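Dear colleague,

I am handing over the structure we spoke about, and my notes on its packing, its empty spaces and its cysteines follow below it. Please read them with the structure open beside you.

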Amino acid sequence: MADGKWIAGLTPEIAITDAARLVLGTRFEVVRLYLPLAAEKPDEDWEYVHQLRVGTRRAGAALRVFKDCLPRKHLRSAKASLRTLRRAAGDARDWDVFQLGLAEAKALNSATGKPARDFLTGYAMGERSAAQVRLHRVALDHGPEFLEESQALTDHVHEPKTEDAPTTFGELAVNRFGVLLGAFSAAAEANPTDPIALHQFRILAKRVRYALEIFASCFPETIREEVYPVVEQVQEILGEIQDAVVGLNRLTSMRKNLKAHAPETWMRVQKGFEGLVVSLRSRVPAGRKAFQKWRKQWDVLTQNMKLEIVAATITTEEPSTR
């Protein structure tokens with residue numbers, strides 16, 4: 001199935017309005033495709049929920065890129081719908097990732113770890129089922145409205161009304177992507193280290209990645225071939241850290257509740273829990289080490305390549321990472 005990552009037909013010369021209709025139409029079509037599949041047939045393929053979550057993020061990126069071409073009322077409505085769908089899909093996807101992590105955890109594959117594995121698997125399955133109920137409800141409550149909004153959104157595209165607004169897609173690409181990539185490079189140079197700062201940098205990396213998927217045709221092929229994979233790589237590195245931090249928080253909460261309300265169960269699962277905690281904790285410094293290696297790679301890449309898109313955009317405005 002198509003994921004809508006790369007969009008054919010975009011050129012630097014086309015009008016912004018034509019680009020907006022093409023990109024928004026493609027991005028929203030992916031969400032319309034995976035919403036019923038994720039809501040109704042999650043057992044058929046876990047990827048349905050994942051693709052829905054990523055699809056909502058890419059559609060949100062398209063709205064940010066073309067915000068000046070959309071009426072505020074329709075822009076706010078579309079953003080709200082996507083946010084609701086993304087959160088529901090994200091909740092379900094997080095528990096899918098948690099279950100996959102349990103299957104791969106060495107600490108749970110020994111005789112002493114098996115009781116914890118069985119307990120955590122049952123717990124995760126219960127939480128995943130609850131998340132699926134919420135996703136299904138969101139699809140029923142918000143799906144029809146989203147379908148109507150997304151199909152009509154391209155009809156509301158208009159010329160940007162801001163002063164000195166770019167007139168072509170290429171001009172928009174230089175302005176928007178230049179600012180975003182400049183902010184990304186500055187954030188990398190600042191060398192974030194704590195989990196919260198690294199998570200914020202990961203969000204910024206997603207913004208760069210999704211924007212590049214839209215603007216790739218406006219820049220030399222080397223941007224897509226060399227910059228995109230490196231941005232994707234750091235997103236994966238920081239994702240490992242974030243998954244470990246989230247997992248540790250969940251285990252800490254479960255351990256506290258078990259000790260207080262089910263001490264006999266805690267005694268059975270303690271060995272596996274402690275082994276898994278040690279394993280997850282080790283991923284954080286390992287991830288930081290991988291991030292430092294990535295920073296050196298990024299520094300070499302940006303120094304060796306002539307990124308005119310950064311030099312051409314001198315501004316103090318930085319994108320929000322919220």
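**Pockets, cavity, core and cysteines**

By class, the residues that line the second largest pocket divide into three nonpolar, two polar and six charged. Please keep in mind throughout that this is a predicted model. The volume of the second largest pocket is about 240 Å³, and its lining is made up of Lys67, Asp68, Leu70, Arg72, Leu75, Arg76, Lys79, His158, Pro160, Lys161 and Thr162.

Turning to enclosed space, the count comes to one cavity of 30 Å³ or more, and the largest cavity holds about 30 Å³ of space. The residues that line the largest cavity are Phe28, Ala78, Ser81, Leu82, Phe146, Glu149, Ser150 and Leu153, and the elements that give two or more residues to this lining are H3 and H4. Helix H4 supplies the largest share of the lining, four residues, while by class the lining of the largest cavity holds five nonpolar residues, two polar and one charged.

The largest nonpolar core has 94 residues, among which Phe66, Phe169, Phe184, Phe215, Trp294 and Trp298 touch the most other members. At least two residues of this core come from each of helices H1 (16-40), H2 (47-65), H3 (72-104), H4 (114-153), H5 (169-189), H6 (195-215), H7 (221-261) and H8 (263-304), with the largest share, 15 residues, coming from H7. To take one of these core residues in detail, Phe184 touches Phe201, Leu204, Ala205, Val208, Val231, Val234, Trp294 and Trp298, when residues up to four places away in sequence are not counted.

Finally, the cysteines: a search of the whole structure finds zero disulfides. Cys69 is in no disulfide, and the nearest cysteine sulfur to its own, that of Cys218, is 14 Å away, whereas a disulfide would need the two sulfur atoms to be within 2.5 Å. Cys69 is buried, with a relative accessible area of 2%. Cys218 is likewise in no disulfide, the nearest cysteine sulfur being that of Cys69 at 14 Å, and at 17% relative accessibility Cys218 also counts as buried, because the cut-off for buried is under 20%.

With best wishes

Terms used:
Residues numbered from 1 in each chain as written. Predicted model: local features only at pLDDT ≥ 70, side-chain atom pairs only at ≥ 80, totals over all residues. Heavy atoms only, no water. Core = buried A, V, L, I, M, F, W, Y, C linked by side-chain atoms within 4.5 Å. Buried < 20%, exposed > 50% of the residue type's maximum accessible area, 1.4 Å probe, protein only. Contact = heavy atoms within 4.5 Å. 1 Å grid on protein atoms, 1.4 Å probe; cavity = no way out; pocket = protein on both sides within 12 Å on 5 of 7 lines; lining within 4 Å. Points joined across faces, edges and corners; volume = space filled by probe spheres on them. Nonpolar A, V, L, I, M, F, W, Y, C, P; charged D, E, K, R; others polar.
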